[in-house]
Amino acid sequence: MSITKVTSEDQYKQLIGASKVSVVLFSAEWAEQCKQISDVMTELAKQAEFKSLQFLDVPAEDLSELSMRHQIDSVPTVLFLRAGTAVDRIDGVDVGMLTQKAKKYAGMPTTPSPAGDGASNLEERLKALINRSKVMIFMKGDRNTPRCGFSKQLIAIVNDTGVEYDTFDILTDEAVRQGLKTFSNWPTYPQVYVSGELIGGLDIIKELLEGGELKETLNP
């Protein structure tokens, strides 16, 4: 078996209507991370243990109406569908989670998380990431390839200050993407931190820029 490339909505409807659980990758050729997920799905598709699943690759931009219907706002996103209904999803790159969920829907036993590997460990990881650099930006994509308009605007503004900073691509880690929203009580991205403290998102950065306070805030 291999991944089936979906080329039309009619083909998609026919495929997901099958009795098998469908593992559907919404991808884009320009997003390198999609290839990583595609490679993993290709390997899973070759294994007999996953023969009860079918693996599909949907070009998210070419079939935009389909993407909108499934609320796909970034790539890669993987949906698990049973009889045409989405029962699970993974936003971003999480190879471990992809394999675990594929095992689950193939009816295979999954490895439970180690004891204690819960909220407390995630919080410690978030703290470490926030303090990885004096100025830390959590965004869709990275400083060289922003994956959304807000992230692109923010990076352009920060670059103009000449301040050193680091970035983390939230699309590569769903636990960080969701956990940081709760940890910082800030529901959207990008998010900017200085010395471990949340400064805010694009709107706050624009306000600081207009007030002439941005460089001093980023480099106190």
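**Figure 1. Where domain 1 and domain 2 touch.** In this predicted model, 12 residues of domain 1 are in contact with 10 residues of domain 2. Domain 1 covers residues 2-116 of the protein chain and domain 2 covers residues 119-216. Taken over C-alpha atoms, the centres of the two domains lie 29 Å apart. Between them, domain 1 and domain 2 bury about 860 Å², with 35% of that area on carbon and sulfur atoms.

**Figure 2. A salt bridge between the domains.** Let's zoom in on the charged pair. The count between domain 1 and domain 2 is 1 salt bridge. On the side of domain 1 that touches domain 2, the residues divide by class into 4 nonpolar, 4 polar and 4 charged. Aspartate 73 and arginine 177 meet through their side chains in a salt bridge, at 3.9 Å from N to O. With both residues at pLDDT 80 or more, 2 residue pairs are in polar contact between domain 1 and domain 2.

**Figure 3. Helix H7 from start to end.** Arginine 177 is one of the buried residues of helix H7, which spans residues 174-184. The other buried residues of H7 are Glu174, Val176, Gly179, Leu180 and Ser184. Have a look at the start of the helix: there, a side-chain oxygen of aspartate 173 comes to within 3.1 Å of the backbone nitrogen of alanine 175. Just after H7, asparagine 185 adopts a positive phi of about 55 degrees.

**Figure 4. Aspartate 88 and its surroundings.** Aspartate 88 sits in strand E5, residues 85-91. Its relative accessible area is 17%, so aspartate 88 counts as buried. Two side-chain partners are worth finding here. The side chain of aspartate 88 makes a polar contact of 2.9 Å with the side chain of lysine 101, and a polar contact of 2.9 Å also joins the side chains of aspartate 88 and tyrosine 105. Setting aside neighbours within four places in sequence, aspartate 88 is in contact with Val78, Leu79, Phe80, Lys101, Lys104 and Tyr105.

**Figure 5. Aspartate 91 paired with arginine 89.** A salt bridge links aspartate 91 and arginine 89, and their closest N and O atoms are 3.1 Å apart. Aspartate 91 counts as buried because its relative accessibility is 10%. Arginine 89, by contrast, is partly exposed, with a relative accessible area of 28%.

**Figure 6. A salt bridge within helix H2.** In this view, lysine 35 and aspartate 39 join their side chains in a salt bridge of 3.1 Å, N to O. Both residues belong to helix H2 (residues 32-46) and are 4 residues apart, about one turn of the helix. Lysine 35 is exposed at a relative accessible area of 55%, whereas aspartate 39 is partly exposed at 37%.

**Figure 7. A salt bridge within helix H5.** Here the partners are lysine 127 and glutamate 123, whose closest N and O atoms are 3.5 Å apart in a salt bridge. About one helical turn separates lysine 127 and glutamate 123, because they are 4 residues apart in helix H5 (residues 119-130). Lysine 127 is partly exposed, with 35% relative accessibility, and glutamate 123 is partly exposed, with 36%.

**Figure 8. A network of salt bridges.** To finish, this view follows three residues: Glu9, Lys13 and Arg69 are linked in a network of salt bridges. The structure as a whole holds 11 salt bridges.

Methods. Residues numbered from 1 in each chain as written. Predicted model: local features only at pLDDT ≥ 70, side-chain atom pairs only at ≥ 80, totals over all residues. Heavy atoms only, no water. Domains from an automatic or database assignment. Contact = heavy atoms within 4.5 Å. Buried area = accessible area lost by both parts, 1.4 Å probe. Salt bridge = Lys/Arg side-chain N within 4 Å of Asp/Glu carboxyl O. Polar contact = N/O pair within 3.5 Å; in protein donor to acceptor, adjacent residues only side chain to side chain. Nonpolar A, V, L, I, M, F, W, Y, C, P; charged D, E, K, R; others polar. Buried < 20%, exposed > 50% of the residue type's maximum accessible area, 1.4 Å probe, protein only. Helix = DSSP H or I, 4+ residues; strand = E, 2+ residues; numbered from the N terminus.
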